[in-house]
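Q: I have not looked at this one before. Can you walk me through it?

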Amino acid sequence: MLGVLVLLSLISLVALVPPPSAPTVPCRQCCDDLEPAEGSGAQPPTGGYNHVPEVRTYINMTILKGDKGDRGDRGTPGKAGLEGPPGSRGPMGPKGSKGPAGPSGDPCKVQYAAFSVGRRKSLHSLESYQTLVFDTVFVNLDDHFNMFDGKFLCHVPGVYFFNVNIHTWNFKETYLHIMLNDREQAIVYAQPSDRSIMQSQSLMLELGLKDEVWIRLYKRERENAIYSDDVDVYITFNGYLIKGSTEGN
């Protein structure tokens, strides 16, 4: 009896195993055709197929390509780059043509300075030195000679020529100096005489800016005097520039 049961069991097992060449049929249930409940996350039935084929779209770009568009606006320039090293010196260019003549220049500056003054009154010495002041003007360029002080003030430095003429007084000594600032430069002298005579002195001086040239009468201790009158001019003092220098210009 036991052997019969074992034999039946083996036969059942053999009947349940499908042949190797038969296709596998998926197991279906009675509810497989129904739609899955909303929100369950289950996949819808595939109609007996487990694999869904992949569909790929192909677009022919040559059909969609349009005409070439217009050129766009120029963009803003970028930042300047670093300065490069200097290049080598190029060859000398050809000589240019001669340009037109320029305008005429200013003429050379000519400097002038001159004066000539006289005195119509006699003068006697005082207790101290005194300046010989003049009352008649013959020439006084740019008023460089001060008629109130009796002094020539140098505005144009250079070499000057000066001359003084005086008329002596009878029985009086005549004693004067040509002065440069406070220094005696030359003397005009005549001893006492019973006759009046004309005396003259000349010299050249190199003057700087603001130098003063004048005539000084000696003190009374020498009893000196010079003569003149209202009719004729006996006393004159003259000076003029010979050659100017660049000092002060």
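The chat below goes through the core, two single residues and some strand pairing.

A: Sure. Keep in mind that this is a predicted model.

Q: Fine. How many residues are in the largest nonpolar core, and which have the most contacts inside it?

A: The largest nonpolar core holds 29 residues. Those with the most contacts inside it are Leu132, Phe152, Tyr160, Phe162, Leu207, Val213 and Phe237.

Q: Which strands supply at least two residues of this core each?

A: Strand 1 (114–119), strand 7 (158–167), strand 8 (174–180), strand 9 (183–190), strand 10 (198–207), strand 11 (212–217) and strand 13 (235–244). The largest share, 4 residues, comes from strand 7.

Q: Why would a core like that form at all?

A: In soluble globular proteins, nonpolar side chains tend to be buried together.

Q: Back to Tyr160. What does it touch, leaving out residues up to four places away in sequence?

A: Tyr160 touches Ala113, Phe152, Cys154, Leu203, Met204, Leu205, Leu207, Tyr240, Leu241 and Ile242.

Q: New topic: Thr174. Where is it, and is it buried or exposed?

A: Thr174 sits in strand 8. It counts as buried because its relative accessible area is 1%, and the cut-off for buried is under 20%.

Q: What lies 3.3 Å from a polar atom of its side chain?

A: The backbone oxygen of Ala225. Ala225 is also among the residues that Thr174 touches, not counting those up to four places away in sequence. The others are Ile166, Thr168, Trp169, Val188, Tyr189, Ala190, Asn224 and Ile226.

Q: And Arg220, where is that?

A: Arg220 is in the loop between strand 11 and strand 12 (225–226). Its relative accessible area is 39%, so it is partly exposed.

Q: What does Arg220 touch, again leaving out residues up to four places away in sequence?

A: Ser125, Leu126 and Glu127. Arg220 and Ser125 are 95 residues apart in sequence, yet their C-alpha atoms are 4.8 Å apart in space.

Q: Last topic, strand pairing. How many bridges join strand 1 to strand 13?

A: There are 6 bridges between strand 1 and strand 13, and the two run antiparallel. Within that pairing, Ala114 has Tyr240 of strand 13 as its bridge partner.

Q: What about strand 7 and strand 13, how many bridges there?

A: Strand 7 and strand 13 are joined by 8 bridges and run antiparallel.

Q: Which residue of strand 13 stands opposite Asn165?

A: Thr236 of strand 13 stands opposite Asn165.

Notes: Residues numbered from 1 in each chain as written. Predicted model: local features only at pLDDT ≥ 70, side-chain atom pairs only at ≥ 80, totals over all residues. Heavy atoms only, no water. Core = buried A, V, L, I, M, F, W, Y, C linked by side-chain atoms within 4.5 Å. Buried < 20%, exposed > 50% of the residue type's maximum accessible area, 1.4 Å probe, protein only. Contact = heavy atoms within 4.5 Å. Polar contact = N/O pair within 3.5 Å; in protein donor to acceptor, adjacent residues only side chain to side chain. Pairing = 2+ DSSP bridges.
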